[in-house]
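Subject: Structure handover

Hello,

Here is the structure we spoke about, for you to look over before you set anything up. My notes on it come after the structure itself.

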Amino acid sequence: MDPFTEKRVHSILNGYIHFKIPARMRTAVQLIYEISDHELTLREKRLSWDGKSWEMTDIAKFRLEPEGWKVYAKNRQQEIWLGVNSIMPNMDFENQLEQVERDPAGIFWPA
């Protein structure tokens with residue numbers, strides 16, 4: 001990923017996280033992301049019930065491929081990443097993040 005794209009992605013995600021998690025909840029719930037090479041993984045961290053540790057859940061993976069950002073989700077057993085066929089690759093990362101946020105099929109943010 002080129003430096004311009006990486007900087008833009010950081011900016012988009014930092015703004016998204018700021019608005020997604022209310023300030024009063026940030027001591028118990030956090031969204032974090034990791035970027036490596038041409039992919040980005042979005043994760044949720046929640047304080048355990050006893051408040052002694054953090055539990056991590058993978059939310060989505062975004063991989064920059066020649067046709068654009070492809071979105072992946074973990075299978076039901078949380079073992080492997082699978083491509084989300086209902087979200088077509090797109091060169092606009094912000095569009096892909098918006099698709100994950102909308103999540104009409106309940107893939108990323110189960111109720």
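What follows is a walk through the sheet, the helices, the core and the aromatic side chains.

Please keep in mind that this is a predicted model.

The sheet

Five strands make up an open sheet, in the order β1-β2-β3-β4-β5, with antiparallel pairing. The edge positions belong to β1 (29–36) and β5 (81–83); each has a single partner strand, so one side of each is left without a neighbour in the sheet. Direction ignored, neighbouring strands are turned by 30° against each other on average.

Going through the pairs in order:

- β1 and β2 are joined by eight bridges. I35 has L40 in β2 as its bridge partner. The hairpin of these two strands has two residues between them, and D37 takes a positive phi near 50° there.
- β2 and β3 are joined by nine bridges. L40 stands opposite F62 in β3, and R43 stands opposite D58 in β3. The hairpin here has six residues between the strands, and G51 takes a positive phi near 70° in it.
- β3 and β4 are joined by five bridges. E65 stands opposite G68 in β4, and the hairpin between the two strands passes through two residues.
- β4 and β5 are joined by three bridges. The bridge partner of K74 in β5 is W81.

L40 therefore appears in two of these pairings, with I35 and with F62.

The helices

Helix α1 (residues 3–20) packs on the sheet and touches β1, β2 (39–47) and β4. The direction of α1 makes about 170° with that of β1. Helix α2 lies across β2, β3 (54–65) and β4, and runs at about 140° to β3. Both helices are thus listed against β2 and β4.

The core

The largest nonpolar core has 25 residues. Within this core, the residues with the most contacts are L13, L42, F62, F93, L97 and F108. The elements giving two or more residues to the core are α1, β1, β2, β3, β4 and α2. Of these, α1 gives the most, with five residues.

L42 is a useful place to start looking. Leaving aside neighbours within four places in sequence, L42 is in contact with L13, Y16, I32, Y33, D58, I59, A60, F62 and L97. Three of the high-contact core residues, L13, F62 and L97, are in that list. As for β2, the strand is mostly covered, with seven of its nine residues buried.

The aromatic side chains

How many aromatic pairs does a search of the whole structure find? The search finds two. In one of them, the ring centres of W69 and F93 are 5.1 Å apart and the planes are at 70°; the cut-off for edge-to-face is over 60 degrees, so this pair is edge-to-face. W69 lies in strand β4 (residues 68–74) and F93 in helix α2 (residues 93–102), so the pair ties together parts that are 24 residues apart in sequence.

Are these two residues buried or exposed? W69 has a relative accessible area of 2% and F93 has 1% relative accessibility; buried means under 20%, so both count as buried. Ring pairs link F62, W69 and F93 into a cluster. Of the cluster, F62 and F93 also appear among the core residues with the most contacts.

Two lysines lie over tryptophan rings. K20 is over the face of W109, at 4.2 Å from the ring centre. K45 is over the face of W54, at 5.0 Å from the ring centre.

The N terminus

M1 is placed in the segment before α1. At 18% relative accessibility M1 counts as buried, because the limit is under 20%. Not counting residues up to four places away in sequence, M1 touches E6, I35, D37, H38 and W69. Two of these have come up already: I35 as the bridge partner of L40, and W69 as one ring of the edge-to-face pair. M1 and G83 are 82 residues apart in sequence and 20 Å apart in space, C-alpha to C-alpha.

Regards

Terms used
Residues are numbered from 1 along each chain as its sequence is written. This is a predicted model: local features need pLDDT of at least 70, side-chain atom pairs count only at pLDDT 80 or more; totals for chains, interfaces and linings use all residues. Side-chain values use heavy atoms; hydrogens and water are left out. Rings of Phe, Tyr and Trp (its six-membered ring) pair if their centres lie within 6.5 Å; planes under 30 degrees apart count as stacked, over 60 as edge-to-face and the rest as tilted. Helices (H or I, at least four residues) and strands (E, at least two) are DSSP runs, numbered from the N terminus. Buried means under 20% relative accessible area, exposed over 50%, partly exposed in between (1.4 Å probe, protein chains only). A charge sits over a ring if NZ of Lys or CZ of Arg is within 6 Å of the ring centre and within 35 degrees of the ring normal. Two strands pair if DSSP finds at least two bridges between them. Axes are lines fitted to C-alpha atoms, for helices over the stretch in contact, and angles run from 0 to 180 degrees between N-to-C directions. Contact means heavy atoms within 4.5 Å. A nonpolar core is a set of buried Ala, Val, Leu, Ile, Met, Phe, Trp, Tyr and Cys residues joined through side-chain atoms within 4.5 Å.
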